[in-house]
Amino acid sequence: MPRYLLLILTSLCFSLHTVYGQGGATQQNDSTEIFSIINKADSYFERQQYDSAMQWAANAEEFSRTKKWLKGQGWAIVKMTEILIAQRQLDRAADLASQSHKIGIKLNDSLLASVALMQQGQVKMYGDYYDEAILLLDKSITSGLGRYPNEYLALAFNDLGHAWGLKEEYERQALFTHKALDIYSVVKSDAGMAMALGNLSTIYYQMDQKEKAIDYGRQSLKFREKTGDILRLSITCCNLSQYYLGINNEEAAKYQELCVKYAKESGDEERMIQSYITSSLIANAKKNNKEAFEYELKVIDLLERSGKNPRMLARRYIAAAFYTDILRYDTVQTLDYYNRSLQLSSKWDYKGNLKDAYLYLSEFYRKNKNFSAAYDNYKKHILYRDSLISIEKEEKIAELETRYETNRKDNEIIRLGNEQKIKQLEIEKQKAMITGNTATALQKQNEIDLLFKSQELRDVRIQQQQEELQRQQLMAKTNMQQLELTEKENQLQDKQLRNQKNVRNLLIAGLALFLLLGITYVNRIQLKKKLEQQKSLLAMRNSISQDLHDDIGASLSNINILNELAKRNIGQPEKSTEYLSRASEDIQRISESLSDIVWNINPRYDDLQNLFIRMKRYAADMLDGKNIHGQFDFPSNPTGPLLSMTQRRDLYLVFKEAVNNLVKYSQASNAMISVKTDAHSIGLIVQDDGKGFDRNTSRMGNGLQNMEQRAKASGASLTIQTQPGNGTSVNLVMKIS
């Protein structure tokens, strides 16, 4: 049975004499007809078909007026007010609530009057007058709704909690919502249980108690499923999806899908918008910014087509700009979304949106190195932030003034009433004393004392409200002075910034001069380096010239002598062949030496890769010629600085000499050649399993001496480890400067 019908029938039990006094059975039949019409309106209201609900409620009011039945008219107006509040037509709802309240007072119907007070409180709450709403809702509970458990009492407690929640007093909100839940449980209202549980889940989520929020949300969902209310099922699933974020993302995604499913089934535009916003949050939690942006575009499309909620549209523009920035889309697109939000917020004077948009714009420009624009937008953000603080203070003071004036007037009215009551009680007390009825006289005196104490308490409360109002006004004045001081500080900071800009320009000029001097210095260093390179090149040329003269010149002379000896001994073929063979060996050696010299001075072979290829090829050819099995360990991608020509030549010649000695003298079966590089050195190892030798008894040949001299000249360290029968290991470590 609808809550209003149960309450009305209960209220009729207390006034049946009135019903029958106005026409007996005929009046009772009329009342049944009227409540039947209101019941029809309520059924449409529960399905959110507000136009049809309003039509039936208006019919009930018209029928009651025709039949001159004031009670029916009052309850019909209550239903009309309920519909208007749901549609947020608050001005019309306030007028009707005032009418039903007057009817309740006229009929001395405390229930009707209390419900009307509750609706006045709802109008104030949705109009953002929270303190007035709390007073009216509390008054509705104490003046008539709280006599016994009923759905209107539960709704009043629920809305009282909601009003406290809007003031961010979440503990009080939870307290009153729990009271509403207890009453809904007694009257067995599934829809009421679902609403109260859902509200509790939201409260605990705001208090960052997510486990409780999820628990109450799941309980609310069970009751929503019982009622089959698709519209509110969507809301509940959206909320659960957000509660699970960061705790269990799989559950969050599951409820997000249900949220979208129910929203589509309901066909309600607001639910679709909420489901898309929830989906955007889920995608963002999964780091899927592209998907989140696509959901934001769907929300923007719905809001732009409906034109119903420009405030939310302005905020979605900010979200879209945020995602285009993260996704590195065209900056023109990002700025377009920010500008749309600013234009819409400026048109409707949404200072909160303007504050946030300028903050995000400031960060956008900062990331794009446009520090001037970033600073300008940040100043606008601060301006709107301070303006909002000032407005909130003014609104709070206005609310306190209204509350104080209302309570003061109510107190005066109550005072006058109490004075009349006290006079009447004094008369009754005197009569009782005259008749000797001391018990009655004492009772009257107690009532008089109670009235005095109640009045004193009200006076104290009024005094406290006056003091609070004065305190807030003083704080507002102080804040205004602080804002003025802040503005002056900002002006001083601007002046300082201009001075800093001048200093910066001077520093830039000084830096430019420093750079010019630095470039000159670097050029001189480069010139010096070039001279050193030329000197090094000259030394290299002299070295090559000396090598050509000493080694190749001597070898050519030796070849000439061997040829002459071959001619003289032509009659002795064996000797002649031996001389020619030795001359051929010298020619081959000269050819290799010339090849090495040409390779070493060619800049094409400066990198380590070419050096290592030549070394590996040479070693492989030499080892194959003697059937020695060779293992090579060269870096596949050598790193490190380039070698100078001298270092490259010395490294290569030491390597050649080591390989030559291995092939000629070691009688080895296996050889291992390894090269290691790092950022500062090159290490060479040439190792064999040959016969070895004793360095203490063996005479040092020219080859070993040459190796040691070249290593010493290039700043390298050379160690030769060998023993008879244990092979030989040549280790070279060359530092690279």
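**Exercise 1: Disulfides**

Work out how many disulfides this predicted model has, and which cysteines take part.

*Solution.* Start with the cut-off: two cysteine sulfur atoms count as a disulfide when they lie within 2.5 Å. By that rule, the count comes to one disulfide. The partners are C238 and C259, with an S to S distance of 1.8 Å. Now find them along the chain: C238 sits in helix α13 (residues 230-244) and C259 in helix α14 (residues 249-266), so the bond links distant parts of the chain, 21 residues apart. Both C238 and C259 are buried.

**Exercise 2: The cysteine next door**

Decide whether C237 is in a disulfide or in none, and whether C237 is buried or exposed.

*Solution.* Look for the nearest cysteine sulfur to C237: that of C259, 6.9 Å away. The limit is 2.5 Å, and C237 is in no disulfide. Next, check accessibility. Buried means under 20% relative accessible area; C237 has 1%, so C237 counts as buried.

**Exercise 3: A patch on the surface**

Find which residues form a nonpolar patch with L515, and say where L515 is placed.

*Solution.* First, list the members: L511, F514, L515 and I519 make up this surface patch, and together they have about 420 Å² of accessible area. Then locate L515, which belongs to helix α21 (residues 438-568). Finally, take the relative accessible area of L515: the value is 48%, so L515 is partly exposed.

**Exercise 4: The whole protein**

Say how many helices and strands the protein has, and what share of its residues is buried.

*Solution.* Count the elements: there are 25 helices and five strands. Then turn to burial: of the 737 residues, 40% are buried.

Notes. Residues numbered from 1 in each chain as written. Predicted model: local features only at pLDDT ≥ 70, side-chain atom pairs only at ≥ 80, totals over all residues. Heavy atoms only, no water. Helix = DSSP H or I, 4+ residues; strand = E, 2+ residues; numbered from the N terminus. Buried < 20%, exposed > 50% of the residue type's maximum accessible area, 1.4 Å probe, protein only. Patch = residues over 30% accessible without salt bridge, like charges linked within 9 Å, V, L, I, M, F, W, Y side chains within 5 Å. Areas by Shrake-Rupley, 256 points an atom, 1.4 Å probe, with all protein chains shown as cover. Salt bridge = Lys/Arg side-chain N within 4 Å of Asp/Glu carboxyl O.
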